[in-house]
Amino acid sequence: MFADLRQQDVGDPVVFTITVSNAAGFSDASSVTVTDLLPSGFSHDSDDGGGSYTPATGVWDVGAVNAGASATLQITATVLPAGVYDNA
């Protein structure tokens with residue numbers, strides 16, 4: 001998960017981006033899922049609906065990703081006053 005984390009303050013919005021790719025030359029992939037829970041220092045506000053994302057579990061149900069294609073999910077979150085801020 002990648003986030004644009006310039007100098008952020010408590011209450012500021014942050015956009016996290018997750019991209020999954022299926023290289024050309026491979027078979028189409030179906031039922032693709034990605035798990036990446038937001039760090040505890042952020043509160044989920046919304047996502048762009050690129051598949052189905054469940055904030056409580058961090059599971060993104062991508063669905064199908066054809067060979068040579070990719071899918072992207074953007075999650076908008078708010079910086080909380082306490083918690084973990086890196087996604088290691």
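This briefing covers the overall fold, one open sheet, an aromatic cluster and one unusual backbone angle.

The model is predicted. The protein chain has seven strands and zero helices. Phe16, Phe42 and Tyr85 make up one aromatic cluster. Three of the strands form an open sheet with antiparallel pairing.

**Overall fold**

- Along the sequence, the pattern of the protein chain reads β-β-β-β-β-β-β.
- The C-alpha trace spans about 45 × 25 × 20 Å along its principal axes.
- The protein chain holds 88 residues, and buried residues make up 30% of them.
- Among contacts with a separation of 6 or more, 71% come from residues 24 or more positions apart.
- The exposed area of the protein chain is about 5,100 Å². Carbon and sulfur atoms supply 51% of that area.

**The open sheet**

- The strand order is S3-S6-S5.
- S3 and strand S5 (52-54) are the edge strands. Each of these edge strands pairs on one side only.
- On average, neighbouring strands of this sheet are turned by 20° against each other, direction ignored.
- Strands of a sheet pair through backbone hydrogen bonds, in either a parallel or an antiparallel way.
- S3 and strand S6 (residues 59-65) run antiparallel and are joined by five bridges.
- Valine 34 has tryptophan 60 in S6 as its bridge partner.

**The aromatic cluster**

- The structure holds two aromatic pairs.
- In one of the pairs, the ring centres of phenylalanine 16 and phenylalanine 42 are 5.0 Å apart. Their planes stand at 85°, so the pair is edge-to-face. The cut-off for that class is over 60 degrees.
- Phenylalanine 16 belongs to strand S2 (residues 13-21), and phenylalanine 42 to strand S4 (residues 42-47). The pair therefore ties together parts that are 26 residues apart in sequence.
- Phenylalanine 16 is buried, because its relative accessible area is 2%. Phenylalanine 42 is also buried, at 7%. The limit for buried is under 20%.
- Phenylalanine 42 also pairs with tyrosine 85, with ring centres 5.7 Å apart. Here the planes are at 90°, so this pair is edge-to-face too.
- This second pair links distant parts of the chain, 43 residues apart. Phenylalanine 42 sits in strand S4, while tyrosine 85 sits in the segment after strand S7 (70-79).
- Tyrosine 85 has a relative accessible area of 34%, so this residue counts as partly exposed.
- Phenylalanine 42 appears in the pair with phenylalanine 16 and in the pair with tyrosine 85. The three residues thus form one aromatic cluster.

**Serine 31**

- Which sign does the phi of serine 31 have? The phi is positive, at about 55°, although serine 31 is not a glycine.
- Serine 31 lies in strand S3 (residues 29-35). That strand is one of the edge strands of the open sheet.
- Is serine 31 buried or exposed? Serine 31 is exposed, because its relative accessible area is 62%. The limit for exposed is over 50%.

Notes. Residues numbered from 1 in each chain as written. Predicted model: local features only at pLDDT ≥ 70, side-chain atom pairs only at ≥ 80, totals over all residues. Heavy atoms only, no water. Phe/Tyr/Trp six-rings, centres within 6.5 Å; stacked < 30°, edge-to-face > 60°. Helix = DSSP H or I, 4+ residues; strand = E, 2+ residues; numbered from the N terminus. Buried < 20%, exposed > 50% of the residue type's maximum accessible area, 1.4 Å probe, protein only. Pairing = 2+ DSSP bridges. Axes fitted to C-alpha atoms, helices over the stretch in contact; angles between N-to-C directions. Contact = heavy atoms within 4.5 Å. Areas by Shrake-Rupley, 256 points an atom, 1.4 Å probe, with all protein chains shown as cover.
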